[in-house]
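Subject: Structure for you to look at

Dear colleague,

I am passing on the structure we spoke about, and I would be glad if you could open it and read these notes beside it.

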Amino acid sequence: MTASALRGHTDPLWAVTLRRWNAACWVLFGAMAIGLAALDRPGASKYWTLGLLGCLMLCYAVVDRFPDNPVLRPHTYLLILAATLGAFAYLHASFGTLFMVTLPHFWMFGRTRRASLGFLGLAAGGTLAGSWFRLGPSATFFGETLIPVVIVVAVGMLIGLWVHSVVAQSHERARLITELEQAQFQLSQAHQRQGAADERERMARDIHDTLAQGFASIIALAEAARAGLDTDPARSAQQLRSIESTARENLAEARELVGSAQRGGQVAAGSVAHTLRRTLDRFVEDTGLAVDAELADIEADFECDQPTRIALLRCTQESLANVRKHARASTVGVVLARQPYGVELEITDDGAGFVVGQSAGFGLDGMRKRLAELGGELTVTSSVGDGTRVLATIPMDGETGTIGETGEELT
C-alpha cells in the first residue's frame, strides 16, 4: 500500500502520523547526505555513495507524490531500493543507517504483506552480499553486518506486520462506519416514506369521514329536494336549508383540515354526548328516520381526550352515512355507554343488512384503523335482511383513568 493510499483511506490520526514520519524521513535523508559530504574523504567511493543516495531520494519523491505514474511504479522503487542498499553495503560502512531509514518503505510500497516481505528479504540479501564482497568472511562481517541486518529485518517484519494489522483494522472500521451511515440513511428514508404514507392515509381518512360524507349528504338532499319541489315545497325548502348548513359545515371542515398542520396544543372540546346528539338531530332532520339514542355522559367518569372524541364522532357519522346510503332502514339505535374497561359505542339499524366478509368499502376499514390507533376495535355484525350492528370499543388507561391521548379538535 502506497503512502498516498494510506493518507487517503485511513483515519485522520494515522494520516497525520504518516505525514510526520515522511517529514522525519526527509530530514534523515538530508542528514545522511550532509554527513557523507562533510565527513567522508574525497574519492570515487564518496561520490558514488552520494550519487546513489541522491538517485534514491529522487525516486522516493516521485513514487510518493505520484504513485500512479506510468514510469516509476512502487514495486520498481523497491527494486531500486534493494539494489541501492546492496551497493551501499559494498561501498560504505554506513549502509545500516540507510537500511534503518528506508525500512518502512517496504511496507508502504509493497501493497501486500507477501510482496513487502519479499522485497525486504531481497534487500537483506543484497545488503549481506554487498558487505561480503567488501569485508569477506571475516569477524567484522559477522559482527557488524550479519547480526545487525538480521536483527533489523526481524524487527522490521514485526513492526510491519503490526502496522498492516492496524491499517486493516482501520479500513474495516471505516467500512463498518460507512455501512452504518448508509443503513441509518436508508432507515431514515424508510421512516420518512412511512411517515408520508401514514399522513396520506390519515388525510384520506379525514377527507372521507368529513368532506366526502358531507358531499354525499348534499347530493342526497338535493335529489330529494328536486323530487319534491312540486309536491311538497315546504319539505324541499327544509332540505335546501339542510344543504346550505351541510355545505357550511363542509367548508369549516375543509378549513380545519388545511390548518391542522399549523395548529398545535390542546383545544377546547364539547361533551361527546352533546356532539353526538347534534349529529343525530341533523340525521333525523335530513332523513326522517326514527332514532332511539341513549347517550351517557362518559366524561363524568373518564377523562376523555380529543382523539377519543373524534373517533366516536367519526364512527357515528360513518355508520349513519352507511344507513342513509345502503340500509333502507326505518329505525336506528345509538347507545354510548361507560364500561369498566372503557367506553362503548353501539349503532344498530333494522335495514337490509349485508354480508360483512364481502364489504369492500373504505369507511369500515377507516373506522377500524382509527380505533386501532387508540387501542380499540370495531365489531360489525350483519346478515342480509336482519339489519346491522356496529360496536366500537375504546379501552381506558387503568393508571390515569383516561381514554386515548390529546390531539385534534372536535367539531
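The notes below go through the sheet, the helices that lie on it, an aromatic cluster and one residue in a loop.

Please keep in mind throughout that this is a predicted model.

The sheet first. Five strands form an open sheet with mixed pairing, and their order is β1-β3-β4-β6-β5. The edge strands are β1 and β5, each of which pairs on one side only, and neighbouring strands of this sheet are turned against each other by 10 degrees on average, if direction is ignored.

At one edge, strand β5 covers residues 377–382 and is joined by six bridges to strand β6, residues 388–395, with the two strands running antiparallel. Within this pairing Leu378 stands opposite Ala392 of β6, while Thr381 stands opposite Arg389 of β6. The hairpin of β5 and β6 has five residues between the strands, and in it Gly385 takes a positive phi near 90 degrees. In a regular strand the side chains alternate between the two faces of the sheet. For β5, the covered face holds Leu378, Val380 and Ser382, whereas Glu377, Thr379 and Thr381 make up the uncovered one. Helix α12, residues 362–372, packs on the sheet and touches β5 and β6, and its direction makes about 145 degrees with that of β5.

At the other edge, strand β1 spans residues 290–295 and contains Asp292, which is partly exposed, with a relative accessible area of 48%. Leaving aside residues up to four places away in sequence, Asp292 touches Val332, Gly333 and Val334. Asp292 and Thr348 are 56 residues apart in sequence, and their C-alpha atoms are 9.7 Å apart in space. Helix α10, residues 272–287, lies across β1, β3 and β4, and runs at about 180 degrees to β1.

Now the aromatic rings. A pair of aromatic rings is described by the distance of the centres and the angle of the planes. The count here comes to two aromatic pairs. Trp26 and Tyr60 form a tilted pair, at 5.4 Å centre to centre and with 45 degrees between the planes. Because Trp26 lies in helix α2 (residues 12–39) and Tyr60 in helix α3 (residues 44–65), this pair ties together parts that are 34 residues apart in sequence. Trp26 is partly exposed, with a relative accessible area of 31%, whereas Tyr60 is buried, at 0%. The rings of Tyr60 and Tyr77 have their centres 6.1 Å apart and their planes at 40 degrees, so this pair is tilted. Since Tyr60 lies in helix α3 and Tyr77 in helix α4, the pair ties together parts that are 17 residues apart in sequence. Trp26, Tyr60 and Tyr77 form one aromatic cluster.

Helix α4 itself, residues 74–91, has 18 residues and reaches 25 Å from its first C-alpha to its last, close to the 26 Å expected at 1.5 Å a residue. Its buried residues include Tyr77, Leu78, Leu81, Leu85 and Phe88.

Finally, a residue in a loop. Arg328 lies between α11 (306–327) and β3 (331–339), and its phi is near 55 degrees, a positive value in a residue other than glycine. Most residues other than glycine have a negative phi. Arg328 is exposed, with a relative accessible area of 71%.

With best wishes

Notes
Residues numbered from 1 in each chain as written. Predicted model: local features only at pLDDT ≥ 70, side-chain atom pairs only at ≥ 80, totals over all residues. Heavy atoms only, no water. Buried < 20%, exposed > 50% of the residue type's maximum accessible area, 1.4 Å probe, protein only. Helix = DSSP H or I, 4+ residues; strand = E, 2+ residues; numbered from the N terminus. Pairing = 2+ DSSP bridges. Expected span 1.5 Å × (residues − 1). Contact = heavy atoms within 4.5 Å. Phe/Tyr/Trp six-rings, centres within 6.5 Å; stacked < 30°, edge-to-face > 60°. Axes fitted to C-alpha atoms, helices over the stretch in contact; angles between N-to-C directions.
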